[in-house]
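Open the structure in your viewer and keep the sequence panel in sight. The tour below goes from one selection to the next.

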Amino acid sequence: MLLKAWGFKSLVPYQKKQQMIDNMSNNQNQEEYFYSRIQLSYNLNELEPYISQEIMSNHYHGNHRKYEEGLNNILKNNDLGEKLKTQFPDLRDLLRNLSSLEIPFQLKEKIRFQAGGLINHNLFFWHLAKGKEYIQQEFLEAITKKFGGWEEMKEQLVEQALDNSINDVVYGSYWTWLVLDEKKQLKIIKTANQDSPWMNKFQPLIAIDVWEHAYVKQYGIDKRKYLTSLVHHCLDWNFISNLYFRELLFD
Ligand SMILES: [Fe+2]
């Protein structure tokens, strides 16, 4: 029904994508934790040679797993699990409302880091794919209007991601994002550590992980080569197009 309402037949299989997007932030996939990692729909070697199987395996089963464990253990150990699960079954809503929660500052900071790490990586791993270059026409037009073209937008993503400063403060680890801002306008932003655009009530569409664990084992210090490989060869533009229209129309 939603597909019909949207009127975008080119977005088929929309329902599968919708399920994927919804699974990104809650417990629909029946994992052992309430707030859980998404399950991958591809093999860890599928992004070769752009992202090695070793990097993908370490990143997903190592780093991403730690955020999943970290968040759920913090909530459990502080008797917050049931309260937050009931109040915010969607992890995005937990992040949107984190600043107003009446809990100790240090605990809030721990949740901010682990919850951000979990959902940031969920989007990152969901929108990886090789050879999925289809982009929906209206999304392409919005990109062209804002950035001058699709290739130009990709270049700007890479250039922004190469710069490790945010508001003149230098960070070792950060993310670069294509988001829809509060006015539903496309924008490239960066966040430090595991801070997430959802904290600012933005809707992320592309998540570029610029932590060293995402590339150093394969690319050494050649961050540009990693970012170029990722942005130009490993993003699922059909998925991102779906996300754009979903966020534009519904959230
Ligand atoms: Fe990462």
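**The three-stranded sheet**

In this predicted model, begin with the open sheet of three strands, whose order is 4-3-5 and whose pairing is antiparallel. Select strand 4 (186-192) and strand 5: they stand at the edges, and each has a single partner strand, so one side of each has no neighbour in the sheet. From one strand to the next, the twist averages 25°.

**Strand 3 and strand 4**

Next, select strand 3 together with strand 4. How many bridges pair them? Strand 3 and strand 4 are joined in the antiparallel sense over seven bridges. To find a place to look along this pairing, pick Y174, which stands opposite A192 in strand 4.

Keep the sheet displayed and add helix 6 (residues 105-126), which packs on the sheet. Helix 6 touches strand 3 and strand 5, and its direction makes about 85° with that of strand 5.

**Strand 3 and strand 5**

Now hide strand 4 and show strand 3 (residues 174-180) with strand 5. These two strands run antiparallel and are joined by six bridges. Pick L180 to see the residue opposite, Q203 in strand 5.

Then select strand 5 (residues 203-209) alone, and after that bring back its surroundings. Seven of the seven residues of strand 5 are buried, so the strand is largely enclosed by the rest of the structure. Strand 5 is also an edge strand with a single partner, so the side without a neighbour in the sheet belongs to a strand whose residues are buried.

**Helix 8 and helix 10**

Leave the sheet and select helix 8 (residues 150-162) and helix 10 (residues 223-233). Their axes are 10 Å apart, and the two helices pack at an angle of about 145°. Helix 8 passes helix 10 in a right-handed crossing.

Which residues meet here? Show side chains for K154, L157, V158, A161 and L162 in helix 8. On the side of helix 10, show K223, R224, L227, T228, V231 and H232, which meet them. By class, this contact has six nonpolar, two polar and three charged residues.

**The whole chain**

Finally, display everything. The protein has 11 helices and five strands. Of its 251 residues, 35% count as buried. Taking contacts between residues at least 6 apart in sequence, 68% join residues at least 24 apart.

Conventions:
Residues are numbered from 1 along each chain as its sequence is written. This is a predicted model: local features need pLDDT of at least 70, side-chain atom pairs count only at pLDDT 80 or more; totals for chains, interfaces and linings use all residues. Axes are lines fitted to C-alpha atoms, for helices over the stretch in contact, and angles run from 0 to 180 degrees between N-to-C directions. Helices (H or I, at least four residues) and strands (E, at least two) are DSSP runs, numbered from the N terminus. A crossing is left-handed if the near helix is turned anticlockwise from the far one by less than a right angle, and right-handed if clockwise. Two residues are in contact if their C-beta atoms, placed from the backbone, lie within 7 Å. Ala, Val, Leu, Ile, Met, Phe, Trp, Tyr, Cys and Pro count as nonpolar, Asp, Glu, Lys and Arg as charged, and the others, Gly among them, as polar. A residue is buried if 20 or more other C-beta atoms lie within 10 Å of its own, exposed if 12 or fewer, and partly exposed in between; C-beta atoms are placed from the backbone. Two strands pair if DSSP finds at least two bridges between them.
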